[in-house]
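The following exercises concern the arrangement of strands and helices in a two-chain model. Please work through each task before reading its solution.

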Amino acid sequence: MLEIQSLECVRDDRLLFSELSFSLGEAEVLQIEGPNGSGKTSLLRILCGLRLPEAGRVLWQGESIRSNREDFYASMVYIGHLPCIKADLTVLENVRALLDTRSLTVTGEATEAALAKVGLASYEDVPGKALSSGQRRRILLAFVELAGARLWVLDEPLTALDVQGVALMESMILEHRAAGGSVVFTTHHGMQLDCEMRSVRLGRIARSAGQGENQC
Amino acid sequence: MLKAYYYLLMRDLRLAFRNRHELANPLIFFVLVVTLFPLAVTPTTEALRAMAPGVIWVSALLAVLLSLDRLFKEDFDDGSLDQLMLSPNPLVILVLAKVTAHWFLTGLPLVIIAPLLGMFMALPDEAGAVLIYSLLLGTPVLSLIGAIGVSLTVAVNRGGVLLSLIVLPLYIPILIFGANAVDVAMDGLPVRGQLLFLAAVLVLALSLAPLATAVALRITASR
């Protein structure tokens, strides 16, 4: 599905990784590992086309993601570090707003079911500013659940989540995989996934080195 | 696609109405500046009339300029902008929705209050009508051009000065033709030329500015 070909990423004159290639098929879970500052977030942003790599390309179904953006974005959902939650909108309106940008029509029942699943059952009409940061992250989980995307790109999805939240995220990933979907994620928290999982390790590269210690 | 436009527009309007004091800012600024001028300069009818078109147009332009920051800032800070860029809908359409919302919240209130300020400044009725037309055609252009500037500077801390430097030179033709139309109307001369020029610029900005804004936003996001 997703194919990464000899990517290179430079940030502030520092080479984060180069000649990085891997691919991701259906029902595959891939963890991007590496210490802080090794380029995990940059890599995920390149994967979803938000950031341009210095070299290399990202292919979706064999085509560059830049030339078939519409197709790619319809089948991919990304959540990053930032909460994307509006303080002045209620939980329900926040989920709707996120889904609306994807032009998805989701029934009221489905939305309620998703909110119940992420533990926000009685919070539909609570404004975003009254929520804890963990609850805001849970809204994003409901969004991911409802987005109906085949590929999930999750950057530190466990941030601010409690033990139940982590378990929820794990079960969501397993369910998604069982339904044939794929996941790329990064995390510094332990995620115990009861399934086959691949990992890509980004390491620090010496400033002058052309080739990194990227392993797959 | 149209649905995405409509929903984003509605979201922005709803957000603005939940945060009313911010909504009133450009309007209050506009009214204050225009009412302060007669106090500082001679309040004779002739003097007021002579400076009315310029004062009203400059105040409107600055009011829009001051409100530009909010166009993308909040979405940028909370990550919603990334989600807009990852939408399967063309970014141009979403940009257009955001600019439309911005105009509804800043430009349109200015147009509505302008006749009252025209009366303050002793503008004759015909000139007052032309003032409305010129603002109606000119303020959307200010929002559209402003969006390009904001999308380039939104990632810059305190990018306000930079934004003014980018945007002001592009605003000047609108200011000249807008104020001139009102000026000419006061002398009882035809203003068709000026208004047609403003309309032409509006069409041009409407077709090109969202494209430029979308590209600039993608560049900003690839930071």
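A crossing of two helices is called left-handed if the near helix is turned anticlockwise from the far one by less than a right angle, and right-handed if it is turned clockwise. The model used here is predicted.

**Exercise 1.** Determine how helix 3 and helix 6 of chain B are oriented to each other, and which residues make their contact.

*Solution.*
1. Helix 3 of chain B spans residues 45–67 and helix 6 of chain B spans residues 91–120; their axes lie 11 Å apart, at an angle of about 155 degrees.
2. Angles over 145 degrees count as roughly antiparallel. Helix 3 of chain B and helix 6 of chain B are therefore roughly antiparallel.
3. The crossing of helix 3 of chain B past helix 6 of chain B is right-handed.
4. Helix 3 of chain B contributes B:Ala52, B:Ile56, B:Ala60, B:Ala63, B:Val64 and B:Ser67 to the contact, while helix 6 of chain B contributes B:Thr106, B:Gly107, B:Leu110, B:Ala114, B:Leu117 and B:Gly118.
5. By class, these contact residues comprise eight nonpolar, four polar and no charged.

**Exercise 2.** Establish the strand order of the open sheet in chain A, and identify its edge strands.

*Solution.*
1. The sheet of chain A has four strands in the order 2-1-4-5, with antiparallel pairing.
2. Strand 2 (14–24) and strand 5 (63–64) of chain A each pair on one side only, and are the edge strands.
3. Seven antiparallel bridges join strand 1 (residues 2–11) of chain A to strand 2 of chain A. In strand 2 of chain A, A:Phe17 is the bridge partner of A:Cys9.

**Exercise 3.** State which strands helix 1 of chain A lies across.

*Solution.* Helix 1 (residues 40–47) of chain A lies across strand 1, strand 2 and strand 4 (55–60) of chain A, at about 130 degrees to strand 1 of chain A.

Technical notes
Residues are numbered from 1 along each chain as its sequence is written. Chains are lettered from A and ligands numbered from 1 in the order in which they are written. This is a predicted model: local features need pLDDT of at least 70, side-chain atom pairs count only at pLDDT 80 or more; totals for chains, interfaces and linings use all residues. Two strands pair if DSSP finds at least two bridges between them. Helices (H or I, at least four residues) and strands (E, at least two) are DSSP runs, numbered from the N terminus. Two residues are in contact if their C-beta atoms, placed from the backbone, lie within 7 Å. Axes are lines fitted to C-alpha atoms, for helices over the stretch in contact, and angles run from 0 to 180 degrees between N-to-C directions. Angles under 35 degrees count as roughly parallel, over 145 as roughly antiparallel, 65 to 115 as roughly perpendicular and the rest as oblique. Ala, Val, Leu, Ile, Met, Phe, Trp, Tyr, Cys and Pro count as nonpolar, Asp, Glu, Lys and Arg as charged, and the others, Gly among them, as polar.
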